[in-house]
Amino acid sequence: MTRNGLGGCALAAGVALVLMGGTALAEDPVKIGFVTELTGPWAFFGTSCVAGLKLADAQINPPGKRRIEFVTIDNQTQPAQAVAAARNLDVQSKVLALSGPTSSDTALAMYGYAEQNKVPFVVPVAAFPQLTKPGSRYTFRIEPDAAGWGYAIAQFVAKKKPGAKIALVYSDFALMRAIAAGLKYSAAKAGLKIEPEIVFPQGSNDATVQAAQVLAAAPDFVVPIGAGAFDNTLTNQLLDIGIKTEQVIHPFGITTQVKNWGKRSAGSYYGTFFDSNLDELTPEGKSFVEAFRAQNDRPPSYLENYCYVTAHLIREALDKDPAAADDREKFRDAVAGLNTKETTSGIPITFDKNGARKEYMYFMQIQDVDAKGYKAKQQFYIEWDPEVIPVYDLVK
Amino acid sequence: MSNSTIIIALSTITTGIMLGTIFSLVAVGVTIVYGSIWMPNAANGQFFLLAALFAWSASVSWGLHPAVAALLVIGISVPFSWLLEILLVRRFYDVPNRNISYFVLTLGITQVLTGIFSVTYGVWSDQFQLPPIVKGVTFLGPFPIANNRLAAMLIAALLLAALFALLRYHRYGRALRAVFQNREAAALRGVDVRAIYRMSFILGNGVIFAGGVLFAFAYAVDLTVAWTMSVTAFAIMIIGGPGSVVGALIVGMVFGFTQAIVSIFASPTIAAFSYLGAMLVILLFRPSGLFAR
Amino acid sequence: MMPKLTRWWPHAVFIFAAFGTPVMLSGNRYFAFIAGITLISVLWSTGMNLLYGYTGLMPMMFGGIAGVSAYSTIGLVAVGWSFWPAMLVGSLGASFIGVILGLPSLRLRGFYFTLCSLVIQTVITLGFVYFVNLTNGDTGISQIPLPGLPGGGRLSGLAYDLVLAALAVIGVILLTLIVNSPLGRRLVAIREDDGLAETLGINVTRQKLFAFFIGSMFASIGGALYAPYVGFISPRSFDVLMSLNIWLMVAFGGRGTIWGPVIGAVLLAPIPFLLQDYYTIKDVVYGLLIIGVIVLLPAGIAGGFKRAPRAAKPAALKPEPAR
């Protein structure tokens, strides 16, 4: 090519690049950093969450809308790793917002980073109350806080049997302690008695002796809050010793838990926020259940639902204010001002000034469990404002 | 005695036996390997977990009867240990301070297994429950006990008895004890020391696998069980005296019972503190362990 | 007796690397963070090296001591102390507690001590979870404030990294000085055979205690600085796995050498962060790396390159060590 020809080519190429660059900017996907537990003790929760998130991809990215892309990073269920990942996403990938953790410790570690560095942080599953303590500005928690679950249980029991005696047995982990704190406070206010209260250290294996002690106290209801497999052991040993299934109220029940409780737990209650057996599943909710079941060989529960819903929430915030796609403050305001519903169940989503959601809970009763899934019936539903109990004082 | 008291008493006894036998099994497995080839097996918890998870796969995913699954798992442990011995373990038999090298090696194996579990079992579920070997419930007076648990206790106790008999009366057991005490002297007496090393590695791991399977029958399993078991097994081994099978057995049973008994009167956490405290006290007075050779 | 000046050249290289790396990475907070964590690991592994590499004690409660210091420092800051005196008091306190807890087990030899300290670590972790009023239990402590500076303002960013670098450097220099001093030689004698050392007139228990105290100080100071750097701690930050990871850096890097553990820390500490994208195989890679090194170099990386120790007794004459 002659020199002039080269120059002409360069000019043309340059113009083409600028044009492409100009249009490319408008098509650049919005990046959301998704830091979750893909290895480590909570690997199951993180990977399930991502499975739910992926199912939302088609709906939240229809042709014509600016694409939302989730950049997923594993935090190994380690707070230091979560902070590093948050930093990576913030500084290197310059994401619009952070999301992802299912475990409270990783969530709290990221919370510190997010608030300090003014990065919007939408927490899909971690339930720790302190994530929205007064003064929080950038953090939004989708799942009702754990102390609130305790409140809900107390209301449920008070309605079933006023003045009842509840045996409370739990593992010494953050989530369980928060639920217990909420329950104890609310039970006192509702005229219920908590006796006995038994706390297991981490790493416990056997609860038979404690089950015998619970039986001896003759409670009306038993609320077992074990951690991991110990939850299952605890439940089985309570039932072995002679506690009736209808006396057992599990604070939370994801699919694998219910399946492991098995047929023998038919009649027991569990709390949840989304279940394949809910009465009011929307059509989208039903197709979500079917799609998830087809892909993962089990029905989804609230864990996968929240991650699915988080994707929709982010889409809605961006639709509401397209300028928010490139501006963290605008995005934060857009989310804070949302007044919408979960697409899968119709439950309203609104956030208070600290980023806590108006909260709710269902209680289901297990009817049957088989290899593929389980049947449960909705028995109770309650909504409440997060600060109906002094949640930020109860759990520090 | 009121019914409640009887129930609490019997639950304490059965819990003591159940926890005690399983912990004893694992501790015995660890101590056999440490006593003979001087290997502190940091991966013992992962092997324990591997056995439990594999038994779950065999019985839940493949539909085998739990008893068959158990035998399969313990059977698989033999080639598994044999392979490890050939590839990795035997390289260190003549290395000075091999206990340190072994500790590092087994930590590496722990990481590898953790990584494998993370992307397989860790993703399939957060907890694993085996179907019972035997269904139904037996009543000991007013105290109901799941037949499954009874079966696990019985099998564990029989296994321990068999191990004890093997080591005390069988020719192999005597050779093993000779090697524990002094390998040069044992070699002079015609014992094939390397063969004994191999056998003890396989036996020790087999026992740990058995413990894992029995645990899975008695309790539900999740991935965190591994480390708790490792630490406990080592603790029992030191208190009992490294290399002492009798020590591991007795201390394991005491361990199980102390937990159960103290938790009648105090919270389970105090029970945990109490037996850990007891261990430290014993170490103060008998630093080489209760039954050290 | 200090070694000749020319023998300090590796230290010069290290000083340059330690301070240079954060400066080089200062534009990138993510990599700088990893460098910072690595520097703390160097400090920790050097402390562990003093205890394990040179005194022959493998303290599995290293993490617990770091944790006690971290929690104490945070507690003191929360009631109004300035960070630096809080760190000093917290570290000294934690080291004293470490010595008291370790005291009964210091009479134990070699691996017995290790396994005993494992039990002690378990007790400490249980304590962290149980004494909720002191540590906030399993929930952990989040939004830990950055250390305040004397002139006002807070230590952050590059300045924080440089402080960590300074401590790592001081730690290595301190270890070098100790190793080359009479104290160091006594410790090595104890490591090789403490029965023999006793007969030579060395007060074994006292030397061990002293080494233990200094090693614990390394752990404590690292712990106190780790907490604000990450911004979140919980009982799981300072559990037995943490102790094992630090120990691994020493054993992997080569115990009984100054630089082995530093190499170990520099190699092993960043791996979990750098392999975040390859999370499915990360643990397996880490494990295989460890297995590979120990099979090829049973004495660790630096140990493999070291010349044979001067006073080594022939293996045949060495009695089978007491188990």
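Visitor: From which domains of chain A does the lining of the second largest pocket draw at least three residues each?
Guide: This is a predicted model. In chain A, two domains each give at least three residues to the lining of the second largest pocket. They are domain 1 (26–144 + 283–357) and domain 2 (147–272 + 360–394).

Visitor: How much space lies in the second largest pocket?
Guide: The lining of this second largest pocket counts 48 residues. Closest to its centre are Lys259(A), Asn260(A), Trp56(B), Val60(B) and Gln129(B). The space in the second largest pocket is about 1500 Å³.

Visitor: Which helix supplies the largest share of the lining of the second largest pocket?
Guide: Several helices each supply at least two residues. From chain A these are α2, α9 (229–241) and α10 (255–261). From chain B they are α2 (44–61), α5 (121–124), α6 (147–169) and α9 (193–218). The largest share, five residues, comes from α2(A).

Visitor: How many residues in the lining of the second largest pocket are nonpolar?
Guide: Sort the lining by class. Eleven residues are charged and 16 are polar. The nonpolar residues number 21.

Visitor: How many residues apart in sequence are the parts that Cys49(A) and Cys307(A) tie together?
Guide: The structure holds one disulfide over all chains. Cys49(A) and Cys307(A) form it, with sulfur atoms 1.9 Å apart. Cys49(A) lies in helix α2 (residues 43–55) of chain A and Cys307(A) in helix α12 (residues 302–320) of chain A, so the tied parts are apart in sequence by 258 residues.

Visitor: Is the link of Cys49(A) and Cys307(A) left-handed or right-handed?
Guide: Both cysteines, Cys49(A) and Cys307(A), are buried. The angle about their S-S bond is -105°. The link is left-handed.

Visitor: Is Thr310(A) buried or exposed?
Guide: Thr310(A) sits in helix α12 of chain A. Beyond its neighbours within four places in sequence, Thr310(A) is in contact with Ser99(A), Val122(A), Pro124(A) and Ile142(A). Its relative accessible area is 0%, so Thr310(A) is buried.

Visitor: Does Ala325(A) count as buried or exposed?
Guide: Ala325(A) is in the loop between α12 and α13 (328–336) of chain A. Buried means under 20% relative accessible area. Ala325(A) has 10% relative accessibility, so Ala325(A) counts as buried.

Visitor: What distance separates the C-alpha atoms of Ala325(A) and Lys31(A)?
Guide: Setting aside neighbours within four places in sequence, Ala325(A) is in contact with Val30(A), Arg66(A), Leu96(A) and Leu318(A). Ala325(A) and Lys31(A) are 294 residues apart along the chain. Their C-alpha atoms are separated by 8.9 Å.

Notes
Residues numbered from 1 in each chain as written. Chains lettered and ligands numbered in written order. Predicted model: local features only at pLDDT ≥ 70, side-chain atom pairs only at ≥ 80, totals over all residues. Heavy atoms only, no water. Disulfide = S-S within 2.5 Å. Helix = DSSP H or I, 4+ residues; strand = E, 2+ residues; numbered from the N terminus. Buried < 20%, exposed > 50% of the residue type's maximum accessible area, 1.4 Å probe, protein only. 1 Å grid on protein atoms, 1.4 Å probe; cavity = no way out; pocket = protein on both sides within 12 Å on 5 of 7 lines; lining within 4 Å. Points joined across faces, edges and corners; volume = space filled by probe spheres on them. Nonpolar A, V, L, I, M, F, W, Y, C, P; charged D, E, K, R; others polar. Domains from an automatic or database assignment. Contact = heavy atoms within 4.5 Å.
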